[in-house]
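Please find below some notes on the structure, set out as numbered points. They are best read with the sequence and the model side by side.

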Amino acid sequence: MELAVENNVKLQMGGLSTGYNELLIRREKENCFSVWYSNDEKLLAVDAIINGKAYVLGSKFIKGGQIINKLNLIHSTTEFKFANLLVE
């Protein structure tokens, strides 16, 4: 789902956050961040605010059922790409 809000703020939502027990936030820059919802190791949903890349990556993880590396996710110094977020 995609929503355009005031002042060119774009919200993209993937998955359903119902049943989450952990919430992680990744901040890329001012007013550009994503909120990741999981139940233990299973990623349930992602909300991306002015962050299309987070929406795409989150959707891939949700559809593929892969487990994310939560430490890499929350550290904005880690390059934001699929391989860096995948648990090995």
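1. S38 belongs to strand β4. In this predicted model, S38 has a relative accessibility of 3%. Residues under 20% count as buried, so S38 is classed as buried.

2. Which residues does S38 touch, once its neighbours within four places in sequence are set aside? The contacts are Y20, N21, E22, L43, L44 and K70. One of these, L43, is the residue of β5 that stands opposite S38.

3. Strand β4 covers residues 32-39 and pairs with β5 through seven bridges, the two strands running antiparallel. The two strands form a hairpin with two residues between them. D40 is located in the loop that links β4 and β5, and its phi is near 55°. That value is positive although D40 is not a glycine. For comparison, most residues other than glycine have a negative phi.

4. Strand β5 spans residues 42-49, and seven of its eight residues are buried. The strand is therefore largely enclosed by the rest of the structure. Besides its pairing with β4, strand β5 is joined to β2 by five bridges, again in the antiparallel sense. Within that second pairing, M13 faces D47 of β5.

5. After β5, the loop leading to α1 (52-64) contains I50. The phi of I50 is near 50°, which is also a positive value in a residue other than glycine. Is I50 buried, partly exposed or exposed? Its relative accessible area is 38%. Since the partly exposed class lies between the buried limit of 20% and the exposed limit of 50%, I50 is partly exposed.

6. V9 is a residue of strand β2. With a relative accessible area of 26%, V9 is partly exposed. V9 and C32 are separated by 23 residues in sequence, while their C-alpha atoms are 9.0 Å apart in space.

7. Y20 is situated in the loop between β2 (9-15) and β3 (22-29). Its relative accessible area is 40%, so Y20 is partly exposed. Together with L23 and I25, Y20 makes up a nonpolar patch on the surface, and the accessible area of the three residues comes to about 270 Å². Y20 is also among the contacts of S38 listed above.

8. Turning to the chain as a whole, the secondary structure consists of three helices and five strands. How are these elements ordered from the N terminus? The order is β-β-β-β-β-α-α-α.

9. The C-alpha trace spans about 40 × 30 × 20 Å along its principal axes. A compact globule of 88 residues would have a radius of gyration near 12 Å, and the chain has 12 Å, so the two agree.

10. Of the 88 residues in the chain, 34% are buried. The chain exposes about 5600 Å², and 53% of this area comes from carbon and sulfur atoms. Finally, if one takes the contacts between residues at least 6 apart in sequence, 39% of them join residues at least 24 apart.

Methods. Residues are numbered from 1 along each chain as its sequence is written. This is a predicted model: local features need pLDDT of at least 70, side-chain atom pairs count only at pLDDT 80 or more; totals for chains, interfaces and linings use all residues. Side-chain values use heavy atoms; hydrogens and water are left out. Patches are made of residues with over 30% relative accessible area and no salt bridge: like charges are joined within 9 Å, nonpolar side chains (Val, Leu, Ile, Met, Phe, Trp, Tyr) within 5 Å. Accessible areas come from the Shrake-Rupley method with a 1.4 Å probe; for residues, only the protein chains shown count as cover. A salt bridge is a side-chain nitrogen of Lys or Arg within 4 Å of a carboxyl oxygen of Asp or Glu. Helices (H or I, at least four residues) and strands (E, at least two) are DSSP runs, numbered from the N terminus. Buried means under 20% relative accessible area, exposed over 50%, partly exposed in between (1.4 Å probe, protein chains only). The radius of gyration is taken over C-alpha atoms; the globule rule is 2.2 Å times the number of residues to the power 0.38. Contact means heavy atoms within 4.5 Å. Two strands pair if DSSP finds at least two bridges between them.
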